[in-house]
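Please look through the structure shown here with an eye to its charged side-chain pairs and to its unusual backbone geometry. The paragraphs that follow take these two topics in turn.

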Amino acid sequence: MRGYGQPSRFEDPVKRVVGQPYRAVSPGTGTSRTPLQSLNGTITPNGLHFERHHNGVPDIDPAQHRLLIHGMVGRPIKLAVDDLLRYPMVTRTIFIECAGNSGANTLMKPPQTSAGVLHGLVSNSEWTGVPLAVLLNEARIDPKATWLLAEGADAVAMSRSIPVQKAFDDVILALYQNGERIRPEQGYPMRLVLPGYEGSMSVKWLRRLKATHEPTHTKDETSKYSDLQRDGKARQFTFLMEVKSLITHPSGGMSMRRSGQYEISGLAWSGAGRIARVEISTDGGVTWNEAELQTPVLPKSVTRFRAPWKWDGAIAYLQSRATDEGGNVQPAREKWTARFSPAHRYHNNMIQTWAIGTDGSVTNVFG
Ligand SMILES: Nc1nc2c(c(=O)[nH]1)N[C@H]1C(S)=C(S)[C@@H](COP(=O)(O)O)O[C@H]1N2
Ligand SMILES: [Mo]
């Protein structure tokens, strides 16, 4: 018996893949990616939730931490963690996806790696916390305030502008992740969760919310997280993570031992709501068949899909194509690339193609 359990020692290889591209000069900057190909179901275990830190993980004593709500409010308030734990809470299962997820697939050549390394900047958790609307009402936010500045307590003071309308709609000030208090890497002792919006807006280690009448144009929404268009202009505040899916079994780097019966399975999600349909192609998009969606299908959450497949041992090209309840369809590669500058990397939701070789190898190809 032990106070806090760990996975079996035989599962030791199942780990996040850590990337610190500027390690020598800025060791706190980087990502660790969820090993999507090793998981099943829909919930990401807390120790495998992806991480994106712009400068490290602060070690915050919850007894010292305060959240300030100020700016265009009638009554500025400062809240301790203990105060917040007494508020009425809500629980929702929500995906968080980094706008940079799947960025490597926008390059000229398909990188040969796993589903997790390619697409593992998305995770799905049950978040519990206080609806932000409750706190904004308590601070008597000015009806003329249309934006909020959200600021983290990390070394870079990550800051994003959030429309007040979104805050009143469904934003959660989360204190719990899959039942336990949020992990330090996910924002302990508190973070914002903005359902369906790009991950960078779900500010971790939240210490300040300032009500304003316009966006603040912080460094984190001007130098980064804007979308370069074909005409060279960049669009700001492209919040929504659009409809997307990918097959995780089989996926890059795996090998199919023999021909015969398999289950194709993967994940689908949309920032716009529920997944309505996932279609599977095994011939590179010539013919499509509908996959089964695992219930419950929750809005702005990850849905698992499954489809039986008999592999005859010949070359095959596996694709999944998701449609959400708003009728938005996941784009093919040509459609996505036509929309953006060739230098653009964010918000890649294009269809993923896995090629199955006659030797059973699974590789990443641009379909
Ligand atoms: N304070 C703070 N909040 C932050 C970040 C950060 O570096 N500092 N990274 C953002 C980015 S870019 C993403 S994608 C998500 C990642 O959340 P996670 O690390 O819990 O997966 O947190 C966001 N919130
Ligand atoms: Mo991100």
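A salt bridge is counted here where a side-chain nitrogen of Lys or Arg lies within 4 Å of a carboxyl oxygen of Asp or Glu. The model is a predicted one, and by this criterion it holds 19 salt bridges.

A pair of sequence neighbours makes a convenient start: the side chains of Lys-219 and Asp-220 meet in a salt bridge, with 3.0 Å from N to O. Asp-220 has a relative accessible area of 1% and is therefore buried, whereas Lys-219, at 40% relative accessibility, counts as partly exposed. Elsewhere, salt bridges with shared partners join Arg-92, Lys-166, Asp-170 and Lys-300 into one network.

Within that network, the side chains of Arg-92 and Asp-170 form a salt bridge, with a distance of 3.8 Å from N to O. This pair links distant parts of the chain, since Arg-92 belongs to strand β6 (residues 90-97) and Asp-170 to helix α4 (residues 164-170), and the two are 78 residues apart. Arg-92 is partly exposed, with a relative accessible area of 26%, while Asp-170, with 10%, is buried.

Another salt bridge joins Arg-160 to Glu-221, whose closest N and O atoms are 3.1 Å apart. Because Arg-160 lies in strand β9 (residues 159-163) and Glu-221 in the loop between β13 (206-212) and β14 (227-228), this pair ties together parts of the structure that are 61 residues apart in sequence. Both Arg-160 and Glu-221 are buried.

The backbone is the second topic. Most peptide bonds are trans, and most residues other than glycine have a negative phi. Against that background, the peptide bond from Tyr-188 to Pro-189 is cis, with omega near 5°, and Pro-189 is found in the loop between β11 (180-181) and β12 (191-193). The peptide bond from His-249 to Pro-250 is likewise cis, with omega near -5°, and here the proline, Pro-250, has its place in the loop between β16 (244-249) and β17 (260-269).

Positive phi values appear in loops as well. Arg-140, a residue other than glycine, has a phi near 50° and lies in the loop between α3 (132-138) and β8 (147-152). Asn-178 also has a positive phi, near 50°, and is located in the loop between β10 (172-177) and β11. With a relative accessible area of 24%, Asn-178 is partly exposed.

Conventions. Residues are numbered from 1 along each chain as its sequence is written. Chains are lettered from A and ligands numbered from 1 in the order in which they are written. This is a predicted model: local features need pLDDT of at least 70, side-chain atom pairs count only at pLDDT 80 or more; totals for chains, interfaces and linings use all residues. Side-chain values use heavy atoms; hydrogens and water are left out. Helices (H or I, at least four residues) and strands (E, at least two) are DSSP runs, numbered from the N terminus. Buried means under 20% relative accessible area, exposed over 50%, partly exposed in between (1.4 Å probe, protein chains only).
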